[in-house]
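Colleague: Could you take a close look at one part of this model with me? I would like to follow the aromatic rings slowly, step by step.

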Protein chains: 2
Amino acid sequence: MKLMLVGYGNVGKAFRKLLHEKKVKELENVKIAGIVTTRGLMLKDQEAFVPDKKINALEALDEVQPDVVVDMASANYKTGEPSLSLYLTALKRGIHVITTNKAPLALKYKEIINTAISHGSKIFFQATVMSGTPSINLYRILPAMKVRKIRGILNGTTNYILTRMSQGLSFNEALKEAQELGYAERDPTLDINGFDAAGKITILSNVYFSRGISINEVKFEGIGNIEIGDALKRGNKIKLIAYADENETYVKPMEITKEDFLYNVDGVNNALEIESDIQKITIVGPGAGPLNAAYGAFSDLILLLRGENLPGL
Amino acid sequence: MKLMLVGYGNVGKAFRKLLHEKKVKELENVKIAGIVTTRGLMLKDQEAFVPDKKINALEALDEVQPDVVVDMASANYKTGEPSLSLYLTALKRGIHVITTNKAPLALKYKEIINTAISHGSKIFFQATVMSGTPSINLYRILPAMKVRKIRGILNGTTNYILTRMSQGLSFNEALKEAQELGYAERDPTLDINGFDAAGKITILSNVYFSRGISINEVKFEGIGNIEIGDALKRGNKIKLIAYADENETYVKPMEITKEDFLYNVDGVNNALEIESDIQKITIVGPGAGPLNAAYGAFSDLILLLRGENLPGL
């Protein structure tokens, strides 16, 4: 079983480390046959990246002939490329895809899944939502539920900022601190304006409600001009809530009371609440971090090797 | 695929209903071939129980020749019988077992699992801990974690009583209310004294740490003489906490601060926190109820039909 890794930043390195350190019977015949970055393709499995060929991921697919592509490259929300074409090409050839990159799925979910189904290949993407905390994979162990609605805190950056604001910091102070701690990027626009959370709830809507929607159909609002003083006075908090049911999907800041379970989900923690015909359950855990994202992809790989199906099928 | 149901109270009835109402492709060739209670064996699949033969579950095994036994009978913590012998006999014959009854597993986990392994049969038991909220099955989607410790609120009755006490009721008032609402049994001893939670953390210790222990090795303390006034004055709550790591397993009432995620787990909700080398995650959901327990067994059945392994293997 040959893997080709795409992207080799902190997540890619952490994934490679998990693969070498975790002694799991499923991994016995698994090896990294190639690592691709924008600098080219390396055909060795070594920690230091030294490209052997100056080719791109799509060309590397021919060269490496992997069984599974693991995409840990950064997201391009305009077009989903080059990952989108890579997935479609791989899936058409019967190559499975595991990804931590939510852009292609947030943009073209239906096309990607249908390509996988019609070619008997699989795409697993736990790490695109809540990183290594099971959000998508949770669905696998909750069969035949009739899901009524899902609701969550899906962006760690904004939750950290809102948490620190509720402790007295201004928006700018909280953002600066989040950047210093590595919780926010230099350009935090897509976190702050709700776009990142919108991408995640788009994917969850597609898994939990088979809606087949794209992020372009999702209304989102961020926390750029947020005022939390009045909520605080009422003993409440503001949280950036992502919501979906069978008919609608949105992201917006909402006032959350003490009695609400999401009230206590602070800092970079994320949470997802699933309300079904059976029960309401909530899962909470870190929503970001290189090791966490790598573990999301790693757990997908193990489930793939165990013969699991596409999530939601 | 022939099922034999053991026990036909509220849980058994809810399970039968799920089986008939949920249209899942895995269930296409599944049918109920027999239902056994203390009153005998019914060979029809109908809602009203009318025994055809006055025989017990072990004798019914010969009569029905099922592929899967689903035990939803009530627990006997003294010996685990008659369920324990039923499981061992069934597993030795290659018959799979799904159970909501924690007594046999809390008493004889190692013997049961080893019997299953050596005969190539399976025993699934999600509903024994947190009912339909994935606690044991959660482990399936978190492969290769190095679990450091687990901690939870695993008994709904005591959590309800403690919640109502923190709202001003006396222990006796809260217990009476819990009984009126059906959250506590007429004889609530095994809930109140921590024994029920001890049985559950025993099972989780065996799944998450492969400890191979019995409930008799677990220290437990209940809430019978609980005083919560001082904790309340400090802005804290008392919760009945079940804890396990590689070396110890216990149940005792503990003071929980506002910052602790378990602080907000109130009423009949249960929660499980899992701390591993990767991350700390928490799952929260109802810990009891006929439909919930039935769904725990139902989800086990679907996972079994999908070819899943024993949990923890």
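Is A:Phe220 buried, partly exposed or exposed?

Modeller: Happy to! Keep in mind that this is a predicted model. A:Phe220 counts as partly exposed, because its relative accessibility is 34%, and the buried class ends at 20%. Its partner gives another result: A:Phe195 has a relative accessibility of 14%, so this residue counts as buried.

Now for the way these two rings meet. Searching the whole structure turns up 17 aromatic pairs over all chains. One of them joins A:Phe195 and A:Phe220 in an edge-to-face arrangement, with 5.5 Å from centre to centre and 80° between the planes. That angle earns the name edge-to-face because it is over 60 degrees. The pair also links distant parts of the chain: A:Phe195 belongs to helix α8 (residues 195-209) of chain A, A:Phe220 belongs to strand β8 (residues 219-220) of chain A, and the two are 25 residues apart. A third ring joins in, as ring pairs link A:Tyr77 with A:Phe195 and A:Phe220 into a cluster.

Rings can have charged neighbours too. In chain A, the ring of A:Tyr250 has the charged end of A:Lys252 sitting over it, 4.9 Å from the ring's centre. In chain B, B:Arg140 lies over the face of B:Phe124, at 4.3 Å from the ring centre.

Finally, how do the chains relate? A turn of 180° and a shift of 0.0 Å along the axis lay chain A on chain B with an RMSD of 0.0 Å. The two copies are therefore related as by a two-fold rotation axis.

Conventions. Residues numbered from 1 in each chain as written. Chains lettered and ligands numbered in written order. Predicted model: local features only at pLDDT ≥ 70, side-chain atom pairs only at ≥ 80, totals over all residues. Heavy atoms only, no water. Least-squares fit on C-alpha atoms with pLDDT ≥ 70 in both. Phe/Tyr/Trp six-rings, centres within 6.5 Å; stacked < 30°, edge-to-face > 60°. Helix = DSSP H or I, 4+ residues; strand = E, 2+ residues; numbered from the N terminus. Buried < 20%, exposed > 50% of the residue type's maximum accessible area, 1.4 Å probe, protein only. Lys NZ or Arg CZ within 6 Å of the ring centre and 35° of its normal.
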